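Please look over the sequence and the structure shown here before reading the report. The notes that follow are meant to be read beside them.

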Amino acid sequence: MNQTAFGINGNPSASCPTDYIQFFDGTSSNSNSLEKICGVLSHYGGTLPVISTTSSSARVVFTGSNIRRPLSRVGVKVDYVSIVPIVYNCSVENGGCHHICVSRSEGVECQCRDGYGLIGRSTCSDRNECESGSHGCDQVCTNAEGSYTCSCHSGLELGSDGESCIDINECSVENGGCNYECVNQEGSFECRCRDGYRVSNGRECIEIDECSEGTHNCDSDCTNTDGSYTCSCNNGLLLQPDGHSCRCGGILTAASGSFQTDGWPTSYRQENFQCEWIIQLPNSDATIQFNIDQSAFGTLGKPPCNKDYIQFFDGTDSGAASLKKICGLLKFYGGAIPSINTTSSTTRVVFTGTRFQQRPLSRVGVKVDYVTIPPPDVDECALGTHNCEQLCENTPGSFICSCRNGYSLSSDDRTCNDIDECLGNSHGCDQVCTNTNGSYACSCVDRFTLQSDMQTCISDPTPPPELSTTHPKVVTPSTSVTNISPSGTETITPTTQSVSEIKSTLTELLVTETTVTATSPLLAGTPTPLLPKTPTNISLAPTVLSKPAPTSTELLVTKTTVTASSPLLAGTPTPLLPKTPTNISL
């Protein structure tokens, strides 16, 4: 039996009445009981007995009860082995040995392979090196049949000896996946971020908004920046050299605003100090009006203000006149402190504090609001002191220039430039647009008339003259064209001839690549040898109609130019007009 952990409720001296394990020499119900065991090891002198059977079969019974057991009663584990007859020859059935048989003079000796232990004389059982501590693993040991394997925790890898564990440097590969800095550690790594950032999701760096999280140390206003923050102070407070503290004082350039003593409206600091504010309005012609915030006001002392007070000057230099010196409580001023007005656009205000250890809590300090009082308005437009080119509009303290329709104001805000409406599509003219100073004019092309809207153009209604159908004769040439060289030109004098007579004499005209000019309405008479290789068209252009137009059978022509772009080729005489003329334009 395994004696590393054994415990059964009961006592052997009382024959184990409740919980016990019992061994029988055989499997039948009447097999002899070999041993009944219970209790703890001390009942057996620290070693449980070895129980042997006389046969190859046995029956073992464990009986337990429901009584409350001590925590030390862990139960029992039993190992068993076969006892084989002694054989004195390793050549016969390996001497009965499980693994290795060694011949001795007195018989045989059974041995086991590495990783196994001998049980009894001949049986070999796996030795659990992980439980016995006989392994060599640095970290994790896993038992295997006849052996064991070693492994390592996360972040470590097994060394070449198969037992030692070596740290893995995760930072050596892609910075460990860290956004900023990777720090290797034994069996692990850590991602770190630069100042003003924190690690998120183990690797990513996200910016810390100290202002919204309240981790800044600004006395007044906090502005978050990339990886940091900056402090600023409200109007009337100055940022100190430490970058986060605010103290009263400063230069104010806005047209209106406010300023206050440190700690207002709770209490101002108890020490000797002085705050100075310089107010400079953007309008140098304006003046300033100061109003004390009377919802919370109180300084040490009372008029004429020899301790703590706020003083207003009419100017910024050291010699500026004092306008008012205020201190104490509202009741010293009848419950309301009047406004203070300057005569210039720049002024100086000074608060003086003294060290007083027991200043009453009601001395909360002072807050001052100021506004711009504009100067009396001068109408530059009415006085003619403006510099506008066209139109002037008066405004409080100034004026605005503008332009008439058709002009645009220049970048100098004073002069006006003509707008060329004809360049764009805004003019609305149907046909012709002509730009003028400050405007434009529409007009129309020939045979169109401009309508009353001065934009629309409509075609003239007058039709072309009608052709006459009564004139019986036309003017035709009395001279024929003969012997015209490719470069020659001849003038032909016209005569009167009827269209039917022309048709009877002119049958065909072929011209290629030579120009023939005849100052005559039509060519007729003796046939002219004009034989081109490739026929082309001939253009007959009338210039003057001396009589009403003829009918379909008569034609009136006075002067016609005949042009043929072809060299003249000699050969068989050819008539100049076909029986049915084609491509003749009048």
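The report below goes from the chain as a whole to a sheet, the salt bridges, some of the disulfides and a surface patch.

## The chain as a whole

The structure is a predicted model, and the values given here should be read with that in mind. The chain contains 4 helices and 40 strands. Of its 586 residues, 33% count as buried, while the chain as a whole exposes about 33,900 Å², with carbon and sulfur atoms supplying 49% of that area.

Among the contacts in the chain with a separation of 6 or more, 53% are between residues that lie 24 or more positions apart.

## An open sheet of four strands

One open sheet is built from 4 strands in the order E21-E28-E23-E26, and its pairing is antiparallel. Strand E21 (257–260) and strand E26 (340–341) stand at the edges with a single partner strand each, so one side of each has no neighbour in the sheet.

Strand E23, which covers residues 287–292, pairs with E26 in the antiparallel sense over 2 bridges. Within this pairing, Gln289 has Asn341 in E26 as its bridge partner.

## Salt bridges

The structure holds 7 salt bridges, of which a few are described here. Arg104 and Glu109 bring their side chains together in a salt bridge, with a distance of 2.6 Å from N to O. Arg104 is partly exposed at a relative accessible area of 40%, and Glu109 is likewise partly exposed, with a value of 32%.

A salt bridge also forms between Arg198 and Glu213, where the closest N and O atoms are 2.9 Å apart. Arg198 lies in strand E14 (residues 197–200) and Glu213 in helix H2 (residues 210–213), so this pair ties together parts of the chain that are 15 residues apart in sequence. Arg198 counts as partly exposed at 33% relative accessibility, and Glu213 is partly exposed with a relative accessible area of 40%.

In the salt bridge of Arg247 with Asp262, the closest N and O atoms are 3.9 Å apart. Because Arg247 sits in strand E19 (residues 246–248) and Asp262 in the loop between E21 and strand E22 (273–280), the pair ties together parts that are 15 residues apart in sequence. The two partners differ in their cover: Arg247 is partly exposed, with a relative accessible area of 31%, whereas Asp262 counts as buried at 10% relative accessibility. Both residues also belong to a network of salt bridges that links Asp219, Arg247 and Asp262.

## Disulfides

A search of the whole structure finds 21 disulfides, including the three described in this section. A disulfide is a covalent bond between the sulfur atoms of two cysteines. Cys90 is joined to Cys101, with an S to S distance of 2.0 Å, and the link is left-handed, with -75° about the S-S bond. This pair links distant parts of the chain, 11 residues apart, since Cys90 is in the loop between strand E3 (59–63) and strand E4 (100–104) and Cys101 is in strand E4. Both Cys90 and Cys101 are buried.

Cys97 and Cys110 form a disulfide in which the sulfur atoms are 1.8 Å apart, and their link is left-handed, with -85° about the S-S bond. Cys97 lies in the loop between E3 and E4 and Cys110 in strand E5 (residues 107–111), so the pair ties together parts that are 13 residues apart in sequence. Cys97 counts as buried at 7% relative accessibility, and Cys110 is buried with a relative accessible area of 4%.

A disulfide also joins Cys130 to Cys141, with an S to S distance of 1.9 Å; the torsion about its S-S bond is about -70°, so this disulfide is left-handed. Here Cys130 belongs to helix H1 (residues 129–132) and Cys141 to strand E8 (residues 140–144), 11 residues apart. Cys130 counts as partly exposed, at 21% relative accessibility.

## A nonpolar surface patch

Val432, Val445 and Phe448 form a nonpolar patch on the surface, and together they have about 210 Å² of accessible area. Val445 is found in the loop between strand E34 (439–443) and strand E35 (448–450), and at 42% relative accessibility Val445 counts as partly exposed.

Terms used
Residues are numbered from 1 along each chain as its sequence is written. This is a predicted model: local features need pLDDT of at least 70, side-chain atom pairs count only at pLDDT 80 or more; totals for chains, interfaces and linings use all residues. Side-chain values use heavy atoms; hydrogens and water are left out. Patches are made of residues with over 30% relative accessible area and no salt bridge: like charges are joined within 9 Å, nonpolar side chains (Val, Leu, Ile, Met, Phe, Trp, Tyr) within 5 Å. Accessible areas come from the Shrake-Rupley method with a 1.4 Å probe; for residues, only the protein chains shown count as cover. A salt bridge is a side-chain nitrogen of Lys or Arg within 4 Å of a carboxyl oxygen of Asp or Glu. Buried means under 20% relative accessible area, exposed over 50%, partly exposed in between (1.4 Å probe, protein chains only). Contact means heavy atoms within 4.5 Å. Two strands pair if DSSP finds at least two bridges between them. A disulfide is a pair of cysteine sulfur atoms within 2.5 Å.
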